[in-house]
Amino acid sequence: MKWSRLYNGAKARLPISMRFLIEVLSYWRRLCRYNASVRTDKDMQKMQYTLLRENHIIEKGMSMRNTRKGFGQQKVTALISRLRKYNHLYGSVDKSFLAYPLSTIKVYVDYQHADGIDIPEIENAFQQLCEEVGVKPESLVLPAGIEQGKAEVLKAQAQGDFPSLLYSRHSMRYFLDEIPSKELLEKALGLAARTPSACNRQAWHTHVFFGEDAHELLRMQDGCKGFTEDIHCCIVVTADMKGFLGHEPFQCYIDGGLYAQNLINALHYVGLGSIPLSCGFMSDKLISIQKHFNIPENEVMIVIVGTGVMPEEMKLAISTRRPVSATNTYH
Ligand SMILES: Cc1cc2nc3c(=O)[nH]c(=O)nc-3n(C[C@H](O)[C@H](O)[C@H](O)COP(=O)(O)O)c2cc1C
């Protein structure tokens with residue numbers, strides 16, 4: 001206790017640039033231990049998170065406007081082999097985790113069959129995995145893969161009560177070839193401005209790009225392979241570092257993140273489709289995007305929200321959620 005008081009007292013007397021360095025080193029230490037790229041399969045949670053990511057790549061593939069015939073076979077093969085490894089390492093601790101990725105693979109196999117593609121090797125590997133896990137493929141009934149969405153229905157649900165708004169919002173990976181009106185965009189931006197922020201500083205900022213500019217931004221973001229040209233409007237959500245003091249060096253990401261989620265819900269409410277697209281990249285990539293698109297360096301990029309006018313019908317990734325019991329701890 002005494003040591004920590006002494007340490008904190010000494011730290012408080014350091015110049016602010018040194019205190020920031022200590023902060024960055026403390027974050028570095030945690031990154032080295034807990035980042036999912038570090039000793040991934042030695043940690044059950046890291047393995048689960050990375051498997052959920054690989055699982056999502058398969059369902060997202062099925063949710064694009066045009067899927068390449070027979071797409072994703074290498075990825076599914078790799079997923080099956082990592083799932084086998086998971087079952088071997090952690091199946092006795094948390095087998096229930098496997099239900100969702102197994103359901104996705106089952107849907108993927110059916111999807112390929114419906115597309116006239118035979119994938120016997122994948123089917124055999126899947127069968128073998130199911131046997132090892134001790135489940136029958138026909139018992140895999142968890143919602144997985146994709147569902148069909150209708151714009152008319154989704155728009156009505158978005159204007160219903162709060163659960164109806166949340167349950168009807170989905171990430172959409174293709175839109176009509178038209179630019180959403182500034183009136184609708186500004187209505188959504190106005191609703192998102194109701195987001196709470198630390199001491200009401202409202203340090204968020206948005207930068208809107210249309211048409212070819214939006215496509216170029218997405219090419220640089222590189223997380224929308226296969227649907228870059230299907231998104232014709234991008235809203236870059238940033239947060240201004242100038243809004244935050246020395247004791248809150250990461251607050252910009254928190255306030256910016258809260259704003260971004262409200263913006264996504266607000267876009268849905270006003271009847272536009274949307275998809276959040278990652279800005280969680282290394283700083284060199286982000287800085288080069290910011291330079292290219294004239295986004296000031298004092299702003300940190302939080303997320304790119306692709307938005308647009310919904311087609312009448314669309315394919316949506318189901319993106320099944322983990323149960324609350326897996327994410328909540330009562331203390
Ligand atoms: C911060 C963030 C970054 C994301 N980045 C991408 C991305 O780069 N490419 C993509 O296809 N989807 C991206 N998504 C969309 C997620 O895949 C999607 O939100 C998730 O699967 C849940 O599905 P839902 O939005 O339909 O509920 C991102 C979502 C968030 C919140």
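This report walks through some pockets, salt bridges, surface features and backbone details of one structure. The model is predicted, so every value below is computed from it.

**The second largest pocket**

Let's start with some open space. The second largest pocket holds about 1,500 Å³. Its lining is made of 37 residues, and those nearest the centre are Tyr 27, Tyr 253, Phe 281, Ser 283 and Leu 286. Which elements give two or more residues to this lining? They are H2, helix H3 (44-62), helix H11 (251-269), helix H12 (283-292) and strand S5 (299-308). H2 gives the largest share, with seven residues. Sorted by class, the lining of the second largest pocket has 23 nonpolar residues, eight polar ones and six charged ones.

**Helix H2 and a nonpolar patch**

H2 is worth another look. This helix covers residues 16-34, and Leu 25 is part of it. Leu 25 also belongs to a nonpolar patch on the surface, where it is joined by Leu 14, Met 18, Leu 21 and Trp 28. The patch comes to about 480 Å². Is Leu 25 buried, partly exposed or exposed? Its relative accessibility is 48%, so Leu 25 counts as partly exposed.

**Strand S5**

Strand S5, one of the elements in the pocket lining, is also where you'll find Ile 302. Ile 302 has a relative accessibility of 15%, so it counts as buried. How far apart are Ile 302 and Cys 252? In sequence they are separated by 50 residues, while in space their C-alpha atoms are 8.8 Å apart.

**Salt bridges**

Now for the charged side chains. Side chains of opposite charge can pair when their charged atoms come close. In the whole structure, a search turns up eleven salt bridges. Three of them are set out here, each with its N to O distance.

| Acidic residue | Basic residue | N to O distance |
|---|---|---|
| Asp 41 | Lys 85 | 3.0 Å |
| Glu 212 | Arg 219 | 2.5 Å |
| Glu 229 | Arg 219 | 2.9 Å |

Take the pair at 3.0 Å, Asp 41 with Lys 85. Asp 41 sits in the loop between H2 and H3, whereas Lys 85 is in helix H4 (residues 73-90), so this salt bridge ties together parts that lie 44 residues apart in sequence. The two ends are covered to unlike degrees: Asp 41 is buried, at 18% relative accessible area, while Lys 85 is partly exposed, at 40%.

Arg 219 turns up in two rows of the table. One of its partners is Glu 212, with the closest N and O atoms 2.5 Å apart. Arg 219 is partly exposed, with a relative accessibility of 39%, and Glu 212 is partly exposed too, at 47% relative accessible area. Another partner of Arg 219 is Glu 229, at 2.9 Å from N to O. That pair links distant parts of the chain: Arg 219 is in helix H10 (211-221), Glu 229 is in the loop between helix H10 and strand S3 (233-240), and ten residues separate them. Glu 229 has a relative accessible area of 45%, which makes it partly exposed.

Some salt bridges also share partners. In this way Asp 41, Glu 54, Arg 82 and Lys 85 are joined into one network.

**A cavity**

Besides open pockets, there can be closed space. Rolling a probe the size of a water molecule over the atoms shows where empty space is left. How many cavities of 30 Å³ or more does the structure hold? There is one. The largest cavity has a volume of about 30 Å³. Its lining consists of Arg 169, His 170, Met 172, His 268, Leu 272, Gly 273 and Ser 274. By class, that makes two nonpolar, four polar and one charged.

**Two positive phi angles**

Finally, a word on the backbone. Most residues other than glycine have a negative phi. Cys 199 is not a glycine, yet its phi is positive, at about 55°. Cys 199 lies in the loop between helix H9 (182-192) and strand S2 (204-210), and it is exposed, with 71% relative accessible area. Ser 319 also has a positive phi, near 45°. The place to look for Ser 319 is the loop between strand S6 (313-317) and helix H13 (324-327).

Terms used:
Residues are numbered from 1 along each chain as its sequence is written. This is a predicted model: local features need pLDDT of at least 70, side-chain atom pairs count only at pLDDT 80 or more; totals for chains, interfaces and linings use all residues. Side-chain values use heavy atoms; hydrogens and water are left out. Patches are made of residues with over 30% relative accessible area and no salt bridge: like charges are joined within 9 Å, nonpolar side chains (Val, Leu, Ile, Met, Phe, Trp, Tyr) within 5 Å. Accessible areas come from the Shrake-Rupley method with a 1.4 Å probe; for residues, only the protein chains shown count as cover. A salt bridge is a side-chain nitrogen of Lys or Arg within 4 Å of a carboxyl oxygen of Asp or Glu. Helices (H or I, at least four residues) and strands (E, at least two) are DSSP runs, numbered from the N terminus. Buried means under 20% relative accessible area, exposed over 50%, partly exposed in between (1.4 Å probe, protein chains only). On a 1 Å grid over the protein atoms alone, a cavity is a set of points where a 1.4 Å probe fits but cannot get out, and a pocket is an open set with protein on both sides within 12 Å along at least five of seven lines; lining residues have an atom within 4 Å of a point. Grid points are joined across faces, edges and corners, and a volume is the space filled by probe spheres set on the points. Ala, Val, Leu, Ile, Met, Phe, Trp, Tyr, Cys and Pro count as nonpolar, Asp, Glu, Lys and Arg as charged, and the others, Gly among them, as polar.
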